[in-house]
Amino acid sequence: MHAITCSGAGGPEVLEWTKVPDPTPGPGEVIIDVAATAVNRADLLQRQGHYPPPPGASEILGLECAGTISAVGAAISLDHIGERVVALLAGGGYAEKVAVPFGQVMSVPTGVGLVEAAALPEVACTVWSNLDLVANLSEGEWLLVHGGGSGVGTMAIQIGRALGARVAVTAGSKEKLDRCAALGAEVLINYRDQDYLDVMREETGGRGVNVILDNMGATYLERNVSALARDGRLVIIGLQGGTSADLNLNTLLRKNASVHATSLRGRPQSEKAAICRQVERTVWPWIHAGVVRPTVDRILPLRDAAYAHTLIADGAATGKVVLAT
Ligand SMILES: NC(=O)c1ccc[n+]([C@@H]2O[C@H](COP(=O)([O-])OP(=O)(O)OC[C@H]3O[C@@H](n4cnc5c(N)ncnc54)[C@H](OP(=O)(O)O)[C@@H]3O)[C@@H](O)[C@H]2O)c1
């Protein structure tokens, strides 16, 4: 088969369309003939040599895919061959075929085309697991989503609204904020010229935000904790602003607030499988009902992965960039 491989650690130019051996299914795995994958910021970090795949995972980039099951390993019924599915991967999506534990395979949500569906697994599982399982976001609460125009952000706005929360976002341009508004965000903050702490204090009548989904880490830590309401939950999922920062624990303590940091890719297979089942049960019906939609900025050929990476690095995409085989 063909795949995008890295000739070394570096810029987008290290990505090459090459011939590689076909994957074989291990016990409990299936092979998916990939119709499409999608770009995640983690792929850029892995390409640069900063985010190695977990032990045992494919060295090939790609954390999600949509396609058709073409082979099964031991303990998986042959009846699944020919099913159109999406999957959450630990790697290997930038290829014509990928092996994946069957527990991380999900149905294609009704009403979504196969290629477009490749935009869903990583953001749906990330957002669902953090907003529901970690933060227990509840009806009527305020959710602040940093990077609202990102792949994750566009899904977080919609799932936040579906859970009955009021949603505020930060983004770096009016165009992205307009897209966030169309997805259901009611407070739009341009992080380049507004202080989200001031805006959220005013919007919440001084009470603060109940849940923050944060992609920045260190640079936002202190202000994020200050922005939380009593019993607030800060969930850090990205470290775009660095890994180390000071935090006055008294601020947390006085509010009875909590800070969480999570990684989907590093979770054990059993946890990922459980998240996939919940996403199928909860998020897919919202998609079927039109309450949640994949946000696809554009669809490019998989061979153009290098160009797709420059788009993501430059912040030129709103939502997901999909790569079709
Ligand atoms: N922990 C996990 O399990 C997990 C899983 C998936 C993703 N993630 C993380 O989630 C984040 C989003 O992932 P993605 O693939 O959707 O990324 P993406 O589409 O590349 O988006 C990155 C976003 O960062 C925003 N940003 C840059 N500087 C900012 C600032 N100062 N304040 C607020 N936002 C800022 C950008 O906003 P503008 O373009 O508007 O400037 C952009 O929307 C990444 O940090 C990624 O590593 C974590």
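These legends walk through close-up views of a predicted model, from its two domains down to single helix contacts.

**View 1. Two domains share one chain.**
Welcome to the overall layout: domain 1 is built from residues 2-120 together with 265-324, while domain 2 covers 124-261. Taken over C-alpha atoms, the centres of domain 1 and domain 2 are separated by 26 Å. Where the domains meet, 17 residues of domain 1 are in contact with 13 residues of domain 2. On the domain 1 side, helix α9 (residues 269-288) gives the largest share, with seven residues. By class, that side of domain 1 holds nine nonpolar, seven polar and one charged residue.

**View 2. The ligand and the shell of residues around it.**
Which residues come nearest to the ligand? They are S150, G151, G172, G238 and G315, out of the 28 residues around the ligand. If you like to sort a shell by element, α1 (41-47), α3 (121-134), α4 (151-162) and β9 (166-171) each supply at least two residues. The largest share comes from α4, which gives three residues. In terms of class, the shell around the ligand has 17 polar residues, eight nonpolar and three charged. Both domain 1 and domain 2 give residues to this shell, so the ligand lies between them.

**View 3. Helix α3 packs against helix α9.**
Here the axes of α3 and α9 are 10 Å apart, and the two helices pack at an angle of about 90°. The pair is therefore roughly perpendicular, since angles from 65 to 115 degrees count as such. From α3, the residues A124, C125, W128 and S129 take part, and they meet I275, C276, Q278, V279, T282 and V283 of α9. Seven nonpolar and three polar residues make up this contact, with no charged residues.

**View 4. An open sheet of six strands.**
Follow the strands across in the order β10-β9-β8-β11-β12-β13, and you will find parallel pairing. At the edges stand β10 (187-190) and β13 (258-261); each has a single partner strand, so one side of each is left without a neighbour in the sheet. On average, neighbouring strands of this sheet are turned by 15° against each other, direction ignored.

**View 5. Strands β8 and β9, with a helix on the sheet.**
How many bridges join β8 to β9? Strand β8 (residues 142-145) is joined to β9 by four bridges, and the two strands run parallel. One handy place to zoom in is L143, which stands opposite V167 in β9. Helix α6 (residues 196-203) packs on the sheet and touches β8, β9, β10 and β11 (209-214). The direction of α6 makes about 160° with that of β10.

**View 6. Helices α6 and α7 side by side.**
Is the pair α6 and α7 roughly parallel or roughly perpendicular? The angle between α6 and helix α7 (residues 218-227) is about 10°, and their axes are 10 Å apart. That makes α6 roughly parallel to α7. On the α6 side, Y196, L197 and M200 meet R223, S226 and A227 in α7. This contact of α6 with α7 counts four nonpolar residues, one polar and one charged.

Note on methods: Residues are numbered from 1 along each chain as its sequence is written. This is a predicted model: local features need pLDDT of at least 70, side-chain atom pairs count only at pLDDT 80 or more; totals for chains, interfaces and linings use all residues. Domain bounds come from an automatic or database domain assignment. Two residues are in contact if their C-beta atoms, placed from the backbone, lie within 7 Å. Ala, Val, Leu, Ile, Met, Phe, Trp, Tyr, Cys and Pro count as nonpolar, Asp, Glu, Lys and Arg as charged, and the others, Gly among them, as polar. A residue is near a molecule or strand if its C-beta atom, placed from the backbone, lies within 6 Å of it. Axes are lines fitted to C-alpha atoms, for helices over the stretch in contact, and angles run from 0 to 180 degrees between N-to-C directions. Angles under 35 degrees count as roughly parallel, over 145 as roughly antiparallel, 65 to 115 as roughly perpendicular and the rest as oblique. Two strands pair if DSSP finds at least two bridges between them.
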